[in-house]
Amino acid sequence: MVATTERDGSTWYECEECGLLFDDRSDADQHERNCDAEEPSYIQ
Ligand SMILES: [Zn+2]
């Protein structure tokens, strides 16, 4: 899920998986769909 954060008077979009910041929501959405940072730790 993409989180929004305000910094220096503008809105940024943060990938909650890896913490990357984007200034464009569609960029963040697209990144997060391909983001592999989350590991399914419940699978052994
Ligand atoms: Zn990410």
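Visitor: I should like to begin with a single pair of residues. Which residue of strand E2 is the bridge partner of Glu6?

Guide: The bridge partner of Glu6 in E2 is Thr11. Please bear in mind throughout that this is a predicted model. A second pair can be read in the manner of the first: Thr5 has Trp12 as its bridge partner in E2.

Visitor: How many bridges join E1 to E2, and in which sense do the two strands run?

Guide: Strand E2 covers residues 10-15, and six bridges join E1 to E2 in an antiparallel arrangement. The two strands form a hairpin with two residues between them.

Visitor: What is to be noted about Asp8 in that turn?

Guide: Its backbone angle deserves attention. Phi of Asp8 is positive, near 55 degrees, although the residue is not glycine. Asp8 belongs to the loop between E1 and E2.

Visitor: Is Asp8 buried or exposed?

Guide: One counts the C-beta atoms around the residue, and 12 or fewer others within 10 Å make a residue exposed. Asp8 has 5 such neighbours inside 10 Å, and therefore counts as exposed.

Visitor: How many residues of strand E1 are buried?

Guide: Here the other end of the scale applies, since a buried residue needs 20 or more other C-beta atoms within 10 Å. Strand E1 spans residues 2-7, and of its six residues the number buried is zero, so the strand lies largely in the open. For the chain of 44 residues, 7% count as buried.

Visitor: Let us turn to the next pairing. How do E2 and E3 pair?

Guide: E2 and E3 pair over two bridges, in the antiparallel sense. Within this pairing, Tyr13 is opposite Phe22 of E3. The hairpin of E2 and E3 has five residues between its strands, and Gly19 takes a positive phi there, near 85 degrees.

Visitor: In what order do the strands stand in the sheet?

Guide: The three strands form an open sheet in the order E1-E2-E3, with antiparallel pairing. E1 and E3 (21-22) stand at the edges with a single partner strand each, so one side of each has no neighbour in the sheet.

Visitor: Leu21 lies in E3. Is it buried or exposed?

Guide: The limit for an exposed residue is 12 or fewer other C-beta atoms within 10 Å. Leu21 has 12 within that distance, and so it is exposed.

Visitor: Which residues does Leu21 contact, leaving aside its neighbours within four places in sequence?

Guide: Leu21 is then in contact with Trp12 and Glu14. As for distance across the chain, the C-alpha atoms of Leu21 and Val2 are 9.6 Å from each other, while the two residues are 19 residues apart in sequence.

Visitor: Where does helix H1 lie?

Guide: Helix H1, residues 25-34, lies across E1, E2 and E3, and runs at about 5 degrees to E2.

Visitor: What pattern does the chain follow along the sequence?

Guide: The chain has one helix and three strands, and along the sequence the pattern is β-β-β-α. Among contacts between residues at least 6 apart in sequence, 9% join residues at least 24 apart.

Methods:
Residues are numbered from 1 along each chain as its sequence is written. This is a predicted model: local features need pLDDT of at least 70, side-chain atom pairs count only at pLDDT 80 or more; totals for chains, interfaces and linings use all residues. Helices (H or I, at least four residues) and strands (E, at least two) are DSSP runs, numbered from the N terminus. Two strands pair if DSSP finds at least two bridges between them. Two residues are in contact if their C-beta atoms, placed from the backbone, lie within 7 Å. Axes are lines fitted to C-alpha atoms, for helices over the stretch in contact, and angles run from 0 to 180 degrees between N-to-C directions.
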